[in-house]
Each structure stands twice: as structure tokens, then as C-alpha cells.
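Visitor: I'd like a close look at one part of this protein, the place where two neighbouring helices pack. Could you walk me through that, and then tell me how far to trust the model and what the cysteines are up to?

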Amino acid sequence: MWGRLDGKKSCRPQAVNYEKYVLSLKEILFYAMQGTGICALISYTFYRSWAVFFLLLPLGMSYPVFRRKALRERRMFRLNQEFKEGILILAANLSAGYSIENALVNSSQELDMLYGKEGMINGEFSGMSRQLQMNRTVEQVFFEFAQRSGLEDVRNFAQVFKAAKRSGGDLVGIINHTAGIIRDKNQVVEEISNMTAAKKLEQKVMNLIPFFLIFYIDQASPGFFAMMYQTGAGRILMTVCLGVYGIAFWLSKRILDIPV
């Protein structure tokens with residue numbers, strides 16, 4: 001969308017590169033606090049040491065950098081969903097006899113009502129219509145949006161749209177066909193997400209169980225883990241346990257991360 005760099009409102013007249021996510025100050029502070037909390041939990045559970053906490057603190061403060069990829073992928077998925085609706089509305093306006101310029105303007109207005117001011121595709125369509133008023137071709141503006149979106153579906157649509165526009169093909173039919181392909185793909189993604197939702201919940205619970213077990217035993221039998229925190233062998237053993245936990249955490253996320 002035009003004038004938004006991170007999904008938030010902005011006054012800058014700059015097109016968004018959706019493959020690059022710029023964290024806001026609020027997001028940086030929030031995820032830095034989360035990372036600090038994770039460092040505190042790990043240092044207390046496995047070491048009971050302030051020294052380990054301060055050693056891990058730089059990793060915790062850099063947690064926003066690790067979260068940026070997930071936020072970028074979430075925004076791109078949302079953009080893909082909005083794009084599907086956008087081109088369906090665009091096809092309806094073209095079928096009603098509007099020119100491509102007027103169809104983009106009307107589509108942007110309809111998408112404003114559908115997604116509100118936080119919508120991305122309505123901002124993009126509005127920006128495209130302004131570019132067309134500056135004598136740019138519709139193929140160019142769609143191709144540039146496709147490059148910025150980072151989405152394969154949008155790139156394919158821009159290429160097919162360009163070929164059809166030059167050859168005088170059925171634009172409405174092409175747009176509807178593209179929307180159908182994106183809709184089918186999104187349905188597969190949603191089905192996979194629904195099928196793995198319970199397993200993902202189990203994964204989150206299992207990730208917390210080691211901490212609950214240690215806290216429970218420590219409260220029920222004070223001093224039971226004293227040897228683990230006060231001797232060199234105990235610290236080595238707890239480090240091995242932390243490494244095994246980290247590997248299990250990584251494997252569980254990899255297993256449930258099913259690309260489409």
C-alpha cells in the first residue's frame with residue numbers, strides 16, 4: 001500500500017516493499033520485553049544465576065529481530081487474502097463496463113468499506129489509480145506492485161495480465177480465473193491450519209511442561225535441585241537438558257510448519 005511501511009498509518013508517500021518489514025517502536029519494545037522475560041525464565045529455571053541472565057540478555061534484546069520474519073510472513077499472507085478479494089471486485093467493476101482506471105477507483109472504495117483504513121490492497125489500488133492518472137500503463141503499475149508484494153500469485157497475475165492486455169484477451173475471465181486459483185490455494189492453507197491447530201496447541205503446552213515440572217518439584221520438595229545449581233556437574237547437566245529442550249522445540253516447529 002502507499003504511505004504505509006509496516007501495516008500502520010503513515011503520512012509518507014512511499015510505496016511499501018512487503019518483503020521488508022520495518023518494526024515500529026511499540027513492537028520493538030514489546031518483543032524486547034518478551035525476550036527479556038524468556039531469558040529470565042531460562043536463567044532461573046536452569047541455572048538460578050544472575051550472571052547467566054545478563055549473559056543471555058543480549059539475545060533477549062535482539063528477539064524483535066527474530067520476530068520480524070514471522071510478522072513479515074503474516075502480513076504477506078494477509079495481503080494475499082486481500083488481493084484475492086480485490087481482484088474479484090475489480091473483475092466485477094470491469095464487467096459492469098468501467099474502464100480500468102475507474103474500476104480501480106471504485107474497487108478501492110469498496111475495499112475501504114470491507115477492510116477499513118488498515119486494509120492494504122485498498123491503499124494499493126488507490127495508489128495504482130493515481131499512477132494511471134500520471135499516464136503510466138496499467139501493466140507497469142501491476143508489475144511494480146507484484147515486485148514489491150513478494151507474492152508468487154501476484155507476480156503470476158501481473159505477467160498474465162500484461163500478456164492479455166497486449167493481445168486483447170478476456171481480462172475479466174483472466175482475473176476471475178486467477179482469483180479462483182488463489183482461493184483454492186488459500187483453502188488448502190486453511191485446511192492444513194485447521195488440521196494442525198490441535199497439534200500446535202499441544203506443542204505449546206509441551207513446551208511449557210518442563211518449566212512447570214521444575215517449579216512444581218522445587219516448591220513441593222525445597223532443595224531437591226540444589227545440587228544442580230551449586231555444583232559444576234549439575235550446571236553441565238542442566239546445560240545439556242537446555243540443549244535437548246532447544247532441539248526438541250526447534251524440531252516441533254519444523255514438523256508443524258507445512259509449506260504450500
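Guide: Here's the helix pair, followed by confidence and the cysteines. Keep in mind that this is a predicted model. The pair is α6, covering residues 138-149, and α7, covering residues 152-167. Their axes sit 8 Å apart and meet at an angle of about 165°. Since anything over 145 degrees counts as roughly antiparallel, α6 is roughly antiparallel to α7. As for handedness, α6 and α7 make a left-handed crossing.

Now for who touches whom. On the α6 side, the contact involves Val138, Glu139, Phe142, Phe143, Phe145, Ala146, Gln147 and Ser149. Facing them from α7 are Val154, Arg155, Phe157, Ala158, Phe161, Lys162, Lys165 and Arg166.

On confidence, the average pLDDT for the protein is 84, and 93% of the residues reach at least 70. Residues 3-13 are a stretch to treat separately: pLDDT there is below 50, though the model still gives this stretch 28 contacts beyond near neighbours in sequence.

Then the cysteines. The disulfide count is 0. A bond would need two cysteine sulfur atoms within 2.5 Å, but the sulfur of Cys39 has its closest cysteine sulfur 19 Å away, in Cys241, so that is too far for a bond. Looked at from Cys241, the closest cysteine sulfur is the one in Cys39, again at 19 Å. Their surroundings can be described too: Cys39 is buried at 7% relative accessible area, while Cys241 is partly exposed at 35%.

Note on methods
Residues are numbered from 1 along each chain as its sequence is written. This is a predicted model: local features need pLDDT of at least 70, side-chain atom pairs count only at pLDDT 80 or more; totals for chains, interfaces and linings use all residues. Side-chain values use heavy atoms; hydrogens and water are left out. Buried means under 20% relative accessible area, exposed over 50%, partly exposed in between (1.4 Å probe, protein chains only). pLDDT is the predictor's confidence in each residue, from 0 to 100. Contact means heavy atoms within 4.5 Å. Axes are lines fitted to C-alpha atoms, for helices over the stretch in contact, and angles run from 0 to 180 degrees between N-to-C directions. Helices (H or I, at least four residues) and strands (E, at least two) are DSSP runs, numbered from the N terminus. Angles under 35 degrees count as roughly parallel, over 145 as roughly antiparallel, 65 to 115 as roughly perpendicular and the rest as oblique. A crossing is left-handed if the near helix is turned anticlockwise from the far one by less than a right angle, and right-handed if clockwise.
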